[in-house]
Amino acid sequence: MNVLSRKTARGVGALVLICLSVTAARAQTATSRIVSAANNFLSTLDAKQRQSVLFAFDDEKQRATWSNLPTSFVPRGGIPLKDMNPAQRSAAMTLVSSALSRKGFEKVRQIMEGDEVLKATDNGQPPRGNNGNQPPGGGPPNGGNRPPFGGPPSGAMFGKDLYYISILGKPSEKEPWMLQFGGHHLALNITIAGERGILTPTLTGAQPALFTSNGKTIRPLGPESDTALALLNALDDNQKKQAILSYKLADLVLGPGQDGKTIQPEGLKASAMNGRQRAMLLDVISQWADIIHESAAAARMAELKADVNETWFAWSGPTTAAPGKNISAYYRIQGPHLVIEYAPQTLGGDPSMHVHTMYRDPTNDYGRGPVAK
Amino acid sequence: MKTKLVATAAILLMLGAGVLAHRLDEYLQAIILSVEKDHVQASMRLIPGVAVASNVLASIDTNGDGIISEAEQRAYAERVLRDLSITVDGKSASPTLVSQKFPAIEEIKAGLGEIQIEFTVELAHGGPERRIVLENHHRNEISVYLMNCLVPRDPDIRIVAQNRNENQSFYQLGYAQAGDSSLPGFWNAWSSFRRRTGGGGFASIFRLGMRHIAEGTDHLLFLLALLLPAPLLALGSRWAGFAGARQSLLKILKVVTAFTIGHSITLALAALGLVRVPSRPIEVLIALSILVSAVHALRPLFPGREALIAAFFGLIHGLAFAATLGELGLGRWERVAGILAFNLGIETMQLIVVAAIMPPLVLISRTRANPFLRIGGALFAGFASLGWFAERLLGIHTSADAAVDSVAHHGVWIAGGLFLLSVVCWLNSRNLPRFWMNSKQRGFLLAAAHRGPRTE
């Protein structure tokens with residue numbers, strides 16, 4: 001009996017140790033995996049390329065060099081995928097995917113794919129794999145694929161080749177550093193600070209917001225639209241009255257260049273929501289918070305969950321959406337450590353087909369918060 | 001001309017195709033305000049879409065040389081500011097240009113240029129509640145607007161309301177400002193208890209004052225009992241006839257004012273913590289005050305000195321008011337604002353009641369029905385005060401509270417009924433025939449009355 005229980009205790013102890021070490025190993029892997037992917041990517045580059053990719057960690061100019069605009073208009077730092085050989089390209093995408101969750105990386109891939117569709121439409125060719133879900137208007141050729149009034153000389157404005165990667169600081173498991181990846185409708189600013197991973201500020205966007213690829217309907221920012229509409233529909237009339245703003249919003253309020261600003265929150269405060277509605281609000285938030293790798297996302301969601309009663313939800317525009325399509329309304333979620341904006345664009349005629357979104361932590365843009373600590 | 005047409009056609013085609021990823025046919029103007037203690041900092045971004053870029057550019061590069069000179073930059077920024085109309089607390093205010101930053105002309109032409117203008121608006125000293133209105137009239141026909149304000153860095157400034165029209169060209173910002181040391185403590189107190197009471201501080205304490213006097217029936221009963229014999233003349237140890245309308249009104253006014261002065265003094269002293277009296281003896285003294293005025297209504301105890309008595313007992317009633325105010329737990333300076341609000345509430349309710357009771361009181365005093373009202377009222381007040389005495393002094397439960405409450409509860413009906421009754425009594429007491437006789441008949445009657453004594 002005594003021997004048996006001692007054996008059992010030892011077995012349980014061993015199991016606990018194994019579990020703990022596995023957990024510890026997994027917790028470590030997030031940052032160390034990203035660091036080794038970064039070092040691997042850098043090792044594929046030649047000296048000149050490496051020089052173009054690397055910036056000082058505190059390079060404020062490069063930090064803020066991101067935009068929703070095509071790269072031909074707003075040149076990003078770093079090097080684009082189009083200037084890489086297949087091995088470098090694959091190493092770059094492995095690095096990006098190592099810092100993101102599976103869901104997050106898939107979203108990034110879809111945004112890039114969408115830009116490829118836009119490029120095909122722009123050239124007047126039938127978009128690849130597009131079986132008729134073109135943006136409204138059918139996409140007649142616009143001649144030389146040149147922006148009017150003398151845009152940049154390059155014919156290439158869109159497409160998945162035109163995404164840039166840059167690294168600020170030295171990839172490290174202890175010291176903070178940053179990975180940037182972005183182009184048209186995408187700006188990932190990922191700060192790695194020890195075990196922590198910070199995704200703010202990050203911009204996602206989509207045009208077309210709905211397309212088909214290999215027979216599959218794709219909406220890169222579909223969940224962002226659907227979960228928010230579901231939350232709005234779950235509100236009662238009185239709550240809706242508070243949540244729905246009386247004025248129009250044509251664009252992001254805190255878009256590129258508006259770092260660190262906290263505007264006066266408006267709309268419906270989550271303390272006036274019931275438990276189910278608050279869970280739905282967190283579900284909307286997680287569409288952005290979960291883009292980063294799982295352990296960083298879990299930490300971030302825990303922080304946002306603790307703030308939830310101080311979090312506001314505001315809506316402006318139509319309160320319905322055509323089945324299977326995105327909303328054409330603007331919405332904003334704002335809390336002590338959070339600003340999310342979802343801003344449909346009238347450009348293109350159908351606001352449900354073109355959207356810019358912003359994900360921020362005004363107290364911790366570019367990981368300034370934990371770095372300062 | 002031809003190239004312009006081609007370009008426009010190209011834009012329209014692209015619009016149809018939905019290809020361009022940037023702003024097209026709108027001029028986006030975004031303003032973010034930041035409210036500080038003595039000024040507003042504003043940053044403005046102006047982004048002309050590609051289809052309106054040449055239009056906008058024409059008003060920037062005014063000499064058309066393809067270069068945006070320093071002078072042109074400044075002139076355009078100043079023009080934009082002139083197109084804003086700003087008021088602070090209803091007074092017109094003008095913005096001061098701090099800086100302007102222009103993109104390259106090519107960027108503007110491509111619909112990507114962002115013009116940045118920083119400006120400030122000076123804020124004169126104002127009250128604790130302030131309002132800034134900003135209207136943007138710049139290029140209304142092609143523009144879309146965004147108007148916002150930052151969460152104030154100064155913890156003493158709190159945004160209360162933001163209102164906009166649908167396209168945000170009109171923006172109204174309401175905010176509360178506290179803790180300005182150059183303002184008297186009173187204002188701080190006011191906004192501080194506004195915060196405490198969720199915005200409606202003054203109003204809510206005012207209402208509390210009104211409710212206190214309406215529900216605290218002992219105060220009203222004292223006053224009304226004291227007013228019962230007000231329109232009468234004292235003749236020795238008895239109440240004699242009507243003293244005249246003017247005389248009555250003057251007396252009522254004196255009594256009410258004296259009561260107000262009395263209770264205001266002690267309310268202020270006690271609320272500020274300068275006087276501290278236990279509440280039990282005060283409650284007993286209040287019951288005594290009612291008894292005294294009830295007896296006085298039966299037999300004149302202090303004819304002509306009612307105002308003095310009202311002021312004296314007012315001092316005691318004020319101490320009771322202070323206890324109610326004390327329950328709110330306001331700070332010392334907050335109390336000053338609280339006292340004012342509370343007292344105004346009491347005064348308002350008091351005047352409403354007196355205004356309702358006075359006309360029937362004066363009317364009935366001119367009739368033979370007067371003793372019934374006076375004695376009835378005095379007895380009611382007397383018994384109520386005896387009930388309260390027993391309750392407050394001896395701890396015996398009586399139905400005084402319930403009885404008075406039920407009367408007070410039907411106060412409006414009782415006042416209305418009293419008014420009707422007084423009108424009826426008054427009409428009855430007059431030479432009624434007057435109303436349905438013509439002048440000739442009346443003259444005859446009067447002549448007959450005149451002849452009356454001469455019995456022949």
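Hi everyone, let's start with chain B, where 5 strands form an open sheet in the order E5-E6-E2-E1-E8, with mixed pairing. Please keep in mind that this is a predicted model.

Which strands sit at the edges of this sheet? They are E5, residues 96-101, and E8, residues 143-149, both in chain B, and each of them pairs on one side only. On average, neighbouring strands here are turned by 15° against each other, ignoring direction.

A helix joins the picture too. Helix H3 of chain B, residues 70-82, packs on this sheet and touches E5 and E6, the latter being residues 115-122. The direction of H3 makes about 130° with that of E5(B).

As a quick reminder, strands of a sheet pair through backbone hydrogen bonds, either parallel or antiparallel. For a parallel example, look at E1 of chain B, residues 27-35: 7 bridges join E1 to E8(B). You can find one partnership yourselves, with B:Gln29 bridging to B:Tyr145 in E8(B).

Now for the other sheet. Chain B also has an open sheet of 5 strands in the order E4-E3-E7-E10-E9, and its pairing is antiparallel. Why is one side of E4 and of E9 left without a neighbour in the sheet? Strand E4 (91-93) and strand E9 (157-164) of chain B stand at the edges with a single partner strand each, so one side of each stays free of a neighbour in the sheet. Neighbouring strands in this sheet are turned by 25° on average, again ignoring direction.

Finally, find E7, residues 129-136, and E10, residues 170-177, in chain B: they run antiparallel and are joined by 7 bridges. There, B:Arg130 stands opposite B:Tyr175 of E10(B). Thanks for listening!

Notes. Residues numbered from 1 in each chain as written. Chains lettered and ligands numbered in written order. Predicted model: local features only at pLDDT ≥ 70, side-chain atom pairs only at ≥ 80, totals over all residues. Pairing = 2+ DSSP bridges. Helix = DSSP H or I, 4+ residues; strand = E, 2+ residues; numbered from the N terminus. Axes fitted to C-alpha atoms, helices over the stretch in contact; angles between N-to-C directions. Contact = placed C-beta atoms within 7 Å.
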